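Biologist: Please give me a close look at the nonpolar packing in this model, and then set it in its surroundings. Keep it plain.

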Amino acid sequence: MYSKLLQLVASALLVVVALSFQSAHAEPAPQQLVNALATGKLKQKPAQIEALAATKNPAIIPVLQALIEGELFYLKNDGQVVIAPQSGPMIDAATGKPLSGLNKSSLKKIKANNKVRRIARAAIAKLTLQSPVLAERQAAVEALFKAAKPESLSLLLEAQKNETDPQLQTRLAQAIALISLQDKAATAKAQQAAIAQLRSLGGQQALALLQAFTARDDIAPQEKEAATRAVEAIEKSMALWGIGQNVWYGLSLGSVLLLAAIGLAITFGVMGIINMAHGEMVMLGAYTTFVVQEVIRSSFPGVFEYSLAIALPLAFLVAGSVGFAMERGIIRFLYGRPLETLLATWGVSLVLQQAVRSIFGPTNKQVGNPEWMSGAYELGGLMLTANRLWILAFALLVFALLLVVLRRTRFGLQMRAVTQNRRMAASMGIRTPWVDAFTFALGSGIAGIAGVALSQIANVSPNLGQTYIIDSFMVVVFGGVGNLWGTLVGAMTLGVANKFLEPYAGAVLAKILTLVFIILFIQKRPRGLFAQKGRAVEA
Amino acid sequence: MLNPKKFLKAASLSAMLATTLVSGSASAEETIKVGILHSLSGTMAISETTLKDAMLMLIEDQNAKGGLLGKKLEPVVVDPASDWPLFAEKAKELLAVHKVDAVFGNWTSVSRKSVLPVFEELNGILFYPVQYEGEESQRNVFYTGAAPNQQAIPAVDYLLENEEVERWVLAGTDYVYPRTTNKILAAYLKAKGVADEDIMINYTPFGHSDWQTIVSDIKAFGSAGKKTAVVSTINGDANVPFYKELGNQGISAEDIPVVAFSVGEEELAGLDTEPLVGHLAAWNYFQSVETEANYEFIAKWKDFTKDINRVTNDPMEAHYIGFNMWVKAVEKAGSTEVDSVIDALVGVSVPNLSGGYSTMMPNHHITKPVLIGEIQADGQFEIVDQTDGLVAGDAWSDYLPDSAKLISDWRAPLSCGNYNVETKSCGGDS
Amino acid sequence: MITAKLLSRFGLSASALIVALLAIAILFPLANLALPPENPLHVPSHLLPLLGKYLCYAMLALALDLVWGYCGILSLGHGAFFALGGYAMGMYLMRQIGPRGVYADPILPDFMVFLNWQELPWFWYGFDQFWFACLMVLLVPGALAFVFGWFAFRSRVTGVYLSIITQALTYALLLAFFRNDMGFGGNNGLTDFKEILGFSLQADSTRAALFAASAIMLALTFALCRAITLSKLGKVMQALTNAENRVRFIGYRVEHVKLFAFTLSAMIAGIAGALYVPQVGIINPGEFAPANSIEVVIWTAVGGRGTLLGPIFGALLVNGGKSYFTAAFPEVWLFALGALFIAVTLFLPKGIVGLVTQLQERFAARKAAAKRQKQTAPPAKPALNPEAAE
Amino acid sequence: MSTMQENQPLLYLDGVSVSFDGFKAINNLSLVVDHGEMRAIIGPNGAGKTTMMDIITGKTRPDTGEVFFEGEKDLTQLDETQIANLGIGRKFQKPTVFEGHSVYDNLVLALKGDRGVFATLFSRFSAKDRERIEEILATIRLQSRAQTLAADLSHGQKQWLEIGMLLAQDPKLLLVDEPVAGMTDAETEETAKLLRRIAKTRSVVVVEHDMGFIRDLGVKVTCLAEGSVLAEGSLDHVSADERVILSYLGR
């Protein structure tokens with residue numbers, strides 16, 4: 001969230017500053033100090049930046065900004081530092097004048113590492129803390145908040161006096177609290193205020209500071225007492241939020257399992273085909289997304305944000321038609337021999353994996369996240385990442401749609417009729433072979449759609465399907481074969497159970513325990529969570 | 001159902017088939033055979049296929065230069081399918097049936113461990129191109145990838161010095177390489193004065209895909225007011241979801257940098273690196289190395305694969321070095337006879353791609369520079385640090401009590417991979 | 001005389017297989033050790049462990065067929081029993097290394113020294129004794145199968161539910177054995193073995209002996225399975241695949257019958273694993289991978305399930321094919337393998353053995369018809385084929 | 001056999017109820033079958049006839065009520081195998097034989113004997129067993145088809161084979177679910193004869209829809225409806241009952 005916000009703000013800032021800079025009557029940046037950036041090793045950069053910052057000249061802001069963005073270069077021949085944005089004209093860093101007649105081969109990049117970037121950001125923040133632009137001030141406060149260094153205390157206090165925005169006021173107060181709690185010279189009153197402030201801020205950073213504070217031996221008992229109570233309060237609220245967070249993680253893992261399994265709930269659950277190629281259908285969906293994004297990148301870069309929406313129907317079609325072909329070509333000869341479908345579909349899965357490997361190569365393919373699926377939302381103490389949120393919503397949507405198709409459409413009715421009593425359905429005029437083929441295609445198509453969503457969080461490689469196939473079978477069987485609700489509840493239960501075990505047992509043991517749980521559960525309910533009942537089952 | 005006569009016929013037929021199918025193809029022209037033992041299917045294909053292609057390119061190149069000792073080199077490619085016992089079987093096939101003169105291959109320690117006895121028994125030569133945990137030195141194996149002291153320790157040094165990191169998360173996949181590396185690192189960090197509670201060690205299974213909990217733990221661990229870094233020995237497949245989760249939970253490299261030992265250009269090709277800018281990796285080679293030799297190598301590679309987007313990576317350079325070393329050693333020995341080549345290899349020096357020379361040490365490890373790179377938005381690394389000189393691979397770590405007393409020297413008179421300096425004896429078998 | 005007894009007891013083709021296996025057990029090692037390499041009949045040294053490995057796979061497939069083909073229990077986790085047997089043998093071989101490990105620790109295997117273990121975990125005790133390891137080869141898979149089967153069969157878990165929980169079992173074991181904390185060497189598993197019973201594993205004679213042991217063991221387990229399937233219990237087992245309820249209602253304890261077959265099968269798989277490990281030289285958690293267990297099912301199906309010969313042929317054929325294809329067509333062999341599986345399911349529903357039987361029957365029928373037409377031949381002999389009924 | 005057992009009815013059901021998902025399949029059912037008695041059970045579909053058999057044979061556990069065999073053996077506490085070994089044989093509605101085995105082997109498997117796993121594994125086939133099977137084959141008229149695969153039998157023959165298997169078990173009580181469904185008239189007649197002959201030596205409970213067949217049997221009839229007994233007595237008595245006519249026969 002922060003980083004996303006920062007990036008946005010930073011780029012806005014760049015434009016604003018660049019504009020204000022050009023029209024400004026501020027004195028130019030000190031040329032000598034700017035050009036010094038071209039000299040020396042990485043280790044000398046922090047000192048160079050400090051020297052620039054010490055001038056308190058706003059003209060250095062675009063220079064530092066360019067350094068952060070990796071757009072600062074120097075001329076190989078004379079060491080003049082220039083800003084070379086990815087698009088647009090090059091600028092002389094010291095004077096801000098556009099340069100012409102230079103090409104990139106005559107430039108050498110000025111390297112920056114994390115530390116340099118961090119220092120540059122702090123330097124910019126100090127200069128923009130009192131900027132008239134709200135966004136700039138926000139970014140500045142965030143940067144100083146993160147660093148929480150005593151030397152910025154006076155600057156922050158200064159800024160606090162003049163700040164008008166109430167939200168930013170609070171943030172400033174929090175930043176000041178963070179710093180003054182570490183400040184040995186702070187007055188008792190300031191400490192009290194800081195403790196209260198941090199208590200309301202909450203979170204790990206505040207907690208750690210308060211804990212460190214209580215361990216100090218140069219503080220008065222009242223403050224120590226207050227800090228201890230604040231620590232307790234924060235710990236308690238964090239524990240509560242922690243449970244909520246775990247539930248969220250569990251649901252989110254559950255939604256991934258649900259997506260992976262839902263197509264299988266049709267092909268395996270409803271039709272009884274032990275479809276080992278199910279994972280490969282998911283893989284096809286993911287590769288479809290990759291191809292769609294490739295085409296968009298090369299031909300229609302403008303619609304990248306919609307790439308997933310475009311990929312969805314295509315993935316459904318691609319996986320669906322492969323499924324259709326599979327049913328027509330192979331599976332229809334195997335009805336009544338469910339275990340042999342395992343063999344044939346395993347063969348199909350090998351062929352599909354190798355086909356994808358031959359066409360696309362064995363390495364991972366890059367599938368990008370659209371902007372709206374990046375970042376995170378904070379909800380109290382909960383951190384909800386956007387892509388997980390979308391995937392959860394999407395999984396539920398797919399589930400609901402499938403339910404509607406099965407329950408409310410003619411095709412769904414025919415499908416259920418065929419799976420329940422093939423002969424009866426046939427004698428009633430239902431074209432059972434086509435219903436079979438389309439049911440299988442539907443299940444495969446759904447798996448393809450799942451692949452689009454899973455491409456956002458997983459490797460897109462020929463092995464993609466193999467990573468999900470076992471979990472998918474576990475979910476369907478745990479939920480009860482032939483019951484969509486079972487798949488939903490099964491996926492969510494396993495997801496949440498896994499995530500609650502993980503903090504105690506570690507990721508590996510949690511997974512083992514979940515598997516053992518499934519084994520034991522099946523002993524208790526040999527037909528899964530939502531077993532079909534009645535005499536029909538025995539037949 | 002079957003009568004015995006028919007059965008016996010079938011049995012002898014299948015036995016015949018078995019013999020013919022493993023006896024391979026005899027070629028008319030006299031060639032020098034080079035075995036390539038990399039998985040082309042299964043879970044490891046993702047990394048190893050590239051190395052197979054790299055080897056084919058190197059061999060083609062050498063043949064264009066006129067071959068070796070006046071003969072053409074002939075690559076023999078087999079697919080061990082990421083199946084460890086199959087590695088041993090295929091190694092045996094390469095050595096016993098195809099009679100190759102050297103084998104370039106394997107990725108992961110377990111595959112190497114699986115073939116070790118085969119190379120020992122049939123006296124072959126194996127070049128292993130991947131970074132590994134060390135703790136091994138075998139007469140028939142030449143380790144061209146990094147030992148822990150050629151990757152992990154310099155990376156930690158960089159973070160200590162440049163980022164002033166005080167808290168450490170050692171996150172890895174649960175297998176030998178991360179376990180050993182983390183053990184070495186923990187010992188090293190403690191020696192540097194890092195407290196126990198400032199080190200968090202976490203292991204995950206292979207192919208771990210749900211990183212929500214662990215990433216949020218890392219985040220919590222890192223927001224305690226001390227500068228925190230993650231040292232990642234997370235393996236292959238699990239990296240993509242790990243980095244995606246890092247990006248989504250908003251952990252930027254400026255807050256908590258992650259330094260990885262198993263993430264190279266090839267792995268990044270499967271990722272949107274925009275949110276990962278600034279995370280680090282330590283290798284002995286990056287595609288972004290600015291040397292003429294490297295530019296030439298990259299151009300050749302893109303040309304060979306007919307794909308301008310193909311990237312190069314560290315294990316490819318390791319094969320490049322290893323192959324050239326072998327060629328030089330064969331020329332030096334004047335034959336491909338295994339024992340003389342093994343002897344000739346020690347001390348051979350060939351140019352590496354980062355502008356220096358790599359030398360084969362008596363412990364069958366090589367000297368290399370160590371580079372630290374930061375991930376860029378274009379999927380490449382920007383080199384932010386480099387060791388001053390070359391670092392020689394250390395087979396036995398000085399930070400593990402039991403291995404500190406071992407040394408390896410395959411030159412006469414010692415000729416031992418695990419000589420115990422305390423007991424003055426060559427431990428174990430050998 | 002023995003042959004006559006064999007014949008009357010096991011039938012023609014089964015006896016032929018037993019005799020052939022015993023013959024192979026003697027002849028192949030002889031051809032390897034006694035004949036000079038230039039002799040056309042010489043069996044090269046690298047081939048023996050390879051063939052030995054196939055024989056172990058054949059034994060595993062045979063074990064699976066006993067439960068799948070004869071009791072209708074499709075286990076997707078038989079690789080687990082194989083691997084456990086392998087680990088038991090591997091632990092013995094590890095202990096045999098003694099002080100010859102790279103760290104020269106007299107007791108602890110290298111990987112333990114390496115991870116700073118101070119002493120041998122309790123479950124490694126006893127494995128320095130061959131007899132104890134052999135016992136464990138049988139007992140560990142057997143006990144696991146017994147406990148697992150006890151619960152599963154009593155709760156009447158059947159069909160895909162059973163298949164999936166067997167898969168969950170092997171998957172859980174896979175993850176568990178990957179953990180270095182378990183004390184089984186983690187991902188690297190157990191390797192770098194030196195000798196068995198004092199004989200070097202690198203020696204051709206030891207290899208030959210292991211190969212012979214595999215062939216003899218396969219013959220023995222085959223005879224055992226054959227005897228069981230021909231017994232009344234075998235008939236009860238087969239009856240399970242037709243009408244489990246009927247078996248129950250005429251008073252057999254279905255769960256006991258299944259438990260017997262499952263446990264025995266797991267033990268056979270364990271033996272196969274134990275013979276496999278010294279021949280391939282490594283055992284690691286990869287053997288627990290669910291895909292491996294599925295492959296066993298495929299060998300069995302390719303050969304023909306429900307016939308004891310089928311799984312043996314299937315395992316030999318598929319693995320031989322795999323060895324060949326991975327070298328001959330390393331880039332595309334998966335296409336060939338995948339296509340093979342599809343083709344077998346579509347065109348050979350009863351596997352290769354089924355096809356042979358079918359052809360034989362058709363041939364016999366045509367011959368009989370021709371004879372009848374001629375009106376000269378004596379009436380066709382009744383089918384002297386004990387397996388025709390299967 | 002103790003005299004106490006002789007005095008007790010062979011099968012005793014009292015106040016038995018069972019419901020599936022709220023649907024009461026059996027509702028306060030009581031039924032007594034005596035030694036050597038043959039009883040016919042009739043009733044409309046869903047009257048609970050098969051469920052009643054499920055309860056007697058241990059396949060379904062009743063929610064409430066008592067089920068006793070030979071006076072003291074509480075069947076609700078036993079499972080199918082134990083109940084079968086007490087001497088209760090059951091023929092299913094759909095003929096259930098081992099289709100993969102020959103007729104002869106089907107009978108061999110059903111033959112009374114030790115059912116333990118190892119006893120079965122090492123069991124030897126004695127001359128006495130052979131005699132017994134020949135006898136049963138004769139009873140069910142399948143001598144000529146002894147070596148035929150059960151799968152290749154006609155529907156009626158499968159029914160007979162199943163009855164033959166019950167005979168081989170030598171049970172005290174036979175539960176026969178719709179034995180003549182799908183049979184020709186001649187076969188039906190034969191089956192009635194067969195059952196009457198069997199009933200001379202043991203108790204038989206027959207569930208059937210075929211009124212002609214029931215009449216042929218000429219035994220006491222119990223009519224079930226909605227899970228409880230509607231009427232009991234001779235066929236004429238029962239078919240005269242108004243409630244029976246209303247709920248079953250009349251429709």
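**The nonpolar core and its setting**

Modeller: The largest nonpolar core has 432 residues, and those that touch the most other members are A:Leu259, C:Ala58, C:Met59, C:Leu60, C:Leu62, C:Ile165 and C:Ala272. The biggest contribution to this core, 20 residues, comes from helix α3 (residues 47–71) of chain C. A second core, separate from it, has 66 residues, including A:Leu33, A:Phe145, A:Ala148 and A:Leu181.

This is a predicted model, in which local features need pLDDT of at least 70, side-chain atom pairs count only at pLDDT 80 or more, and totals for chains, interfaces and linings use all residues. Residues are numbered from 1 along each chain as its sequence is written, while chains are lettered from A and ligands numbered from 1 in the order in which they are written.

A nonpolar core here is a set of buried Ala, Val, Leu, Ile, Met, Phe, Trp, Tyr and Cys residues joined through C-beta atoms within 7 Å. Buried means 20 or more other C-beta atoms within 10 Å of a residue's own; 12 or fewer is exposed, anything in between is partly exposed, and C-beta atoms are placed from the backbone. Two residues are in contact if their C-beta atoms, placed from the backbone, lie within 7 Å. Helices (H or I, at least four residues) and strands (E, at least two) are DSSP runs numbered from the N terminus.

Take C:Leu60 as one member of the core. Beyond four places in sequence, C:Leu60 contacts C:His78, C:Phe82, C:Ala269, C:Ala272 and C:Val296. C:Ala272 is itself among the residues that touch the most other members.

Burial also reaches a charged residue in chain B. B:Glu317, in helix α11 (residues 314–333) of chain B, counts as buried because it has 27 C-beta neighbours inside 10 Å. Not counting residues up to four places away in sequence, B:Glu317 touches B:Asn284, B:Tyr285, B:Asn352 and B:Leu353. B:Tyr285 is 32 residues away along the chain, with 6.9 Å between the two C-alpha atoms.

Of the five pairs of chains that touch, B and C share the most contacts. That contact involves 49 residues from chain B and 51 residues from chain C. On the chain B side, α1 (4–23), β2 (72–78), α3 (84–97), α4 (109–122), α6 (176–191) and β18 (416–420) each supply at least two residues. This side of chain B comprises 25 nonpolar, 11 polar and 13 charged residues; nonpolar here is Ala, Val, Leu, Ile, Met, Phe, Trp, Tyr, Cys and Pro, charged is Asp, Glu, Lys and Arg, and the others, Gly among them, are polar. Chains B and D have no contact, and their closest C-alpha atoms lie 17 Å apart.

Chain A, which supplies A:Leu259 to the largest core, has 20 helices and seven strands, and 52% of its 539 residues are buried. Chain A is divided into domain 1 (2–147) and domain 2 (241–537), with bounds from an automatic or database domain assignment. The C-alpha centres of these domains lie 48 Å apart.

Finally, confidence: pLDDT is the predictor's confidence in each residue, from 0 to 100. Chain A has a mean pLDDT of 85, with 93% of its residues at 70 or more. Within chain A, helix α1 (residues 2–23) is lowest, at a mean of 50, and helix α13 (residues 307–329) is highest, at 95. Over residues 17–25 of chain A pLDDT stays under 50. Where pLDDT is low, the predicted coordinates should not be read in detail.
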